[in-house]
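User: Please guide me through this protein model with a series of questions and answers. I should like each answer to show its reasoning before it reaches its result.

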Amino acid sequence: MNMVDDYQFWQQRYEEEKTGWDLGQPAPPFVSFLNSTDSITPGRVAVLGCGKGYDAILFASKGYQVFGFDFAPAAISEARKNAAKKGVSIEFFQRDIFELEKEFLGSFDYVVEHTCFCAISPSKRTDYVQLVKSLLRPNGKLIGLFFTHSRQGGPPFGVTPEEIKTYFSKDFEIICLEPVNNSIPARQNEEHFGLFRRL
Ligand SMILES: C[S@@+](CC[C@H](N)C(=O)[O-])C[C@H]1O[C@@H](n2cnc3c(N)ncnc32)[C@H](O)[C@@H]1O
C-alpha cells in the first residue's frame, strides 16, 4: 500500500501542521463558478477529502446541502469547528472515501473534487472515477478543480488534462475542462476546472 492511502499519513500532517495545501479559504475558482451565470441549481453535494472544510462551507453558504468526507480525524474536527464558526450546517463524516459506496450509493446531485484526486495514489484513480460515478445520481455532476502540474512524484500527484479526459470520459460527459485564471499564486497555470455529467 502507498503511504498516502493510509489515514495516518494525513493525520500526522495535520498534527504537525505540515499542511501546505491548506488555503485557509475556499478555492477561488469555486467562488467564481458559483457566482457566475454558468452556475448550477443547488442540491445535495459530497465534498471528497474535504480537509478543514472551506469548500464545503462555501457550497453550504450558497444553499447546497453539503456532506464532507475525510479519513483524517483532525481534518474532520477542524472542519466541524470552521463550519460552526461560519454558522453553516454541514454533515462531516470521518470516512475513507473508497468505502462510501455502500452508505451513499446514488445519493448526490454533485461531487466536489479539490486536491483529493492528487492526494490518492495514482493507482487508485480508476477506483476514484468509479466511486464518483457510484455516489452520483444519474445526470449528477462532478465539479472538479484538478492539479495539472507536471512534476514527478507526489503527493500532490499531477495529471494532464488529456489523462483526466481519458479517466472520466467513459462514464461522464465532459461539459468543460478548462485552465483556470484565478488560481492562488503557487498554483498558477497548474489547475484545470472541470464540470462532468454522469452518463
Ligand atoms: C491535499 S489534502 C486536501 C484537503 C482539502 N481538499 C483542501 O483543499 O484543503 C487531501 C485530503 O484528502 C484526504 N484523503 C486522502 N485520501 C483519502 C481517502 N482515501 N479517504 C478520505 N480522505 C482522504 C486527506 O486526509 C486530506 O485531508
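User: In which loop is the place of F71, and is F71 buried or exposed?

Analyst: In this predicted model, F71 has its place in the loop between β2 (65-70) and α4. The relative accessible area of F71 is 18%. Since buried means under 20% relative accessible area, F71 is classed as buried.

User: Which residues are in contact with F71, leaving aside its neighbours within four places in sequence?

Analyst: Here the neighbours within four places in sequence are left aside. One group of partners consists of V4, D5, D6, Y7 and W10. The list is completed by Q94, R95 and D96.

User: What distance separates the C-alpha atoms of F71 and G51?

Analyst: Along the chain, F71 and G51 are 20 residues apart. In space, their C-alpha atoms are separated by 9.0 Å.

User: At what angle do the axes of α1 and α4 cross, and which word describes their orientation?

Analyst: Helix α1 covers residues 7-15, and its axis comes within 7 Å of the axis of α4. The two axes cross at roughly 50°. An angle of under 35 degrees would count as roughly parallel, and one of 65 to 115 as roughly perpendicular. The helices α1 and α4 are therefore described as oblique.

User: Which residues make that contact, and how do they divide into nonpolar, polar and charged?

Analyst: From α1 the contact takes Y7, Q11 and Y14. From α4 it takes P73, A74 and A75. The residues of the contact of α1 with α4 divide into 5 nonpolar, 1 polar and no charged.

User: How many residues has the largest nonpolar core, and which have the most contacts inside it?

Analyst: The largest nonpolar core has 28 residues. Those with the most contacts inside this core are F30, F59, V66 and I143.

User: Which element gives the most to this core?

Analyst: The elements giving two or more residues to the core include helices α2 (28-35), α3 (54-61) and α4 (73-86). Strands β1 (44-48), β4 (108-114), β5 (136-147) and β7 also give two or more. With 5 residues, the element that gives the most is α3.

User: With which residues is F59 in contact, leaving aside its neighbours within four places in sequence?

Analyst: F59 has been named among the residues with the most contacts inside the largest core, and so have F30, V66 and I143. Leaving aside the neighbours within four places in sequence, F59 is in contact with F30, L34, V45, Y64, V66, V112 and I143.

User: How many residues has the other core that lies apart from the largest one?

Analyst: Among the members of this other core are F69, I97, L100 and L131. It lies apart from the largest core, and its count of residues is 27.

User: How many salt bridges are counted, and what separates the closest N and O atoms of R197 and E173?

Analyst: Side chains of opposite charge can pair when their charged atoms come close. By the rule used here, the count comes to 9 salt bridges. One of them joins R197 and E173, with the closest N and O atoms 2.7 Å apart.

User: Where in the chain are R197 and E173?

Analyst: The pair links distant parts of the chain, for R197 and E173 are 24 residues apart. R197 is in strand β7 (residues 191-198), and E173 is in strand β6 (residues 172-179).

User: Are K18 and E16, which form a salt bridge, buried or partly exposed?

Analyst: In the salt bridge of K18 with E16, the closest N and O atoms are 3.2 Å apart. K18 has a relative accessible area of 48%, and E16 has a relative accessibility of 40%. Partly exposed lies between 20% and 50%, so K18 is partly exposed and E16 is partly exposed.

User: What is the phi of E17, and where is its place?

Analyst: Most residues other than glycine have a negative phi, and most peptide bonds are trans. E17 has its place in the loop between α1 and α2. Although E17 is not a glycine, its phi is positive, at about 55°.

User: Which form has the peptide bond from G154 to P155, and which has the bond from P155 to P156?

Analyst: P155 lies in the loop between β5 and α7 (161-168), and P156 lies in the loop between β5 and α7. From G154 to P155, omega is near 5° and the bond is cis. From P155 to P156, omega is near 0° and the bond is cis.

Methods: Residues are numbered from 1 along each chain as its sequence is written. This is a predicted model: local features need pLDDT of at least 70, side-chain atom pairs count only at pLDDT 80 or more; totals for chains, interfaces and linings use all residues. Side-chain values use heavy atoms; hydrogens and water are left out. A salt bridge is a side-chain nitrogen of Lys or Arg within 4 Å of a carboxyl oxygen of Asp or Glu. Buried means under 20% relative accessible area, exposed over 50%, partly exposed in between (1.4 Å probe, protein chains only). Helices (H or I, at least four residues) and strands (E, at least two) are DSSP runs, numbered from the N terminus. A nonpolar core is a set of buried Ala, Val, Leu, Ile, Met, Phe, Trp, Tyr and Cys residues joined through side-chain atoms within 4.5 Å. Contact means heavy atoms within 4.5 Å. Axes are lines fitted to C-alpha atoms, for helices over the stretch in contact, and angles run from 0 to 180 degrees between N-to-C directions. Angles under 35 degrees count as roughly parallel, over 145 as roughly antiparallel, 65 to 115 as roughly perpendicular and the rest as oblique. Ala, Val, Leu, Ile, Met, Phe, Trp, Tyr, Cys and Pro count as nonpolar, Asp, Glu, Lys and Arg as charged, and the others, Gly among them, as polar.
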